[in-house]
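Open the model in your viewer and set it to cartoon. Keep a selection box at hand.

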Amino acid sequence: IVGVNAATTADGSGNWTLSGSELDISALVNGALTVSATQTDSAGNISPTATAQIELDNLVPTTLAIDTPIATDDIVNASEDNNVLVSGSGAEAGATVAVNIDGVNASVAADASGNWSLS
């Protein structure tokens, strides 16, 4: 099992942080990861291990599909311009889908199957 290890020093209050390039996990496999930490005091005594779970998801989502035609004929007329329906599929479950029509922006969350609809 390949992991990432790093060390840091606690401040006078016992607080510590690792961030940025100090702890680069980008090469690990996506999915559930276990974070563990121990401390070693000045006498060399090592504490029990503390653990926490995180999820690594650093894969770029695939391209979405937009259902066409939009407005049944790809023409938005005066009776439709205040209620344009745009929908599609191919999103990650729960992902935010941002739609932009020439500077008019809106967003919606994809459902559990990756489908989305915005009107």
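The tour goes from the whole chain to the sheet, the core and then single residues.

**Before you click**

This is a predicted model: local features need pLDDT of at least 70, side-chain atom pairs count only at pLDDT 80 or more, and totals for chains, interfaces and linings use all residues. Residues are numbered from 1 along each chain as its sequence is written, and side-chain values use heavy atoms, with hydrogens and water left out.

**Stop 1: the whole chain**

Select everything. The C-alpha atoms fill a box of roughly 80 × 30 × 20 Å along the principal axes. The radius of gyration of the protein is 24 Å, where a compact globule of 119 residues would have one near 14 Å. That radius is taken over C-alpha atoms, and the globule rule is 2.2 Å times the number of residues to the power 0.38.

Color by secondary structure. The protein has seven strands and zero helices, so the elements read β-β-β-β-β-β-β from the N terminus on. Helices (H or I, at least four residues) and strands (E, at least two) are DSSP runs, numbered from the N terminus.

Now show the surface. About 9,100 Å² is accessible, and 52% of that belongs to carbon and sulfur atoms. Accessible areas come from the Shrake-Rupley method with a 1.4 Å probe; for residues, only the protein chains shown count as cover. Buried residues make up 13% of the 119. Buried means under 20% relative accessible area, exposed over 50%, and partly exposed in between (1.4 Å probe, protein chains only).

Contacts come next, meaning heavy atoms within 4.5 Å. Of the contacts with a separation of 6 or more, 33% join residues 24 or more positions apart.

**Stop 2: the open sheet**

Select β3, β4 and β7. They form an open sheet of three strands in the order β3-β4-β7, with antiparallel pairing. Two strands pair if DSSP finds at least two bridges between them. Which strands stand at the edges? β3 (65–66) and β7 do; each has a single partner strand, so one side of each is left without a neighbour in the sheet.

Zoom in on β3 and β4 (residues 86–89). Two bridges hold this antiparallel pair. One position to label is I66, whose bridge partner in β4 is G88.

Stay on β4 and pick S87. S87 counts as buried, at 17% relative accessibility. Beyond its neighbours within four places in sequence, S87 is in contact with A65, I66, D67, W116 and S117.

**Stop 3: the nonpolar core**

Select V86, A91, V97, V99, A110, W116 and L118 and show sticks. These seven residues are the largest nonpolar core. β5 (96–101) and β7 (116–118) each supply at least two residues of this core. A nonpolar core is a set of buried Ala, Val, Leu, Ile, Met, Phe, Trp, Tyr and Cys residues joined through side-chain atoms within 4.5 Å.

Center on V86. Setting aside residues up to four places away in sequence, V86 touches I66, I70, V99, I101, W116, S117 and L118.

**Stop 4: the loop between β3 and β4**

Most residues other than glycine have a negative phi, and most peptide bonds are trans. This loop has an exception to each.

Select T68 and P69. The peptide bond between them is cis, with omega near 0 degrees. P69 sits in the loop between β3 and β4.

Then pick A71, in that loop too. A71 is not a glycine, yet has a positive phi of about 60 degrees. Is A71 buried or exposed? A71 is buried, with a relative accessible area of 18%.

**Stop 5: the β5–β6 hairpin**

Select β5 and β6 (104–109). The two run antiparallel and are joined by six bridges. I101 stands opposite V104 in β6.

Two residues lie between the strands of this hairpin, and D102 takes a positive phi near 45 degrees there. D102 counts as exposed, at 81% relative accessibility.

**Stop 6: Q53**

Finish on Q53, in strand β2 (residues 50–56). Q53 is exposed, with a relative accessible area of 55%. Beyond residues up to four places away in sequence, Q53 touches L33 and T34.

Show side chains for Q53 and T34. They make a polar contact with each other (3.0 Å). A polar contact is a pair of N or O atoms within 3.5 Å; within protein, one must be able to donate a hydrogen and the other to accept it, and residues adjacent in sequence count only if both atoms are side-chain atoms.

Last, draw a C-alpha to C-alpha distance from Q53 to S26. The two are 27 residues apart in sequence and 16 Å apart in space.
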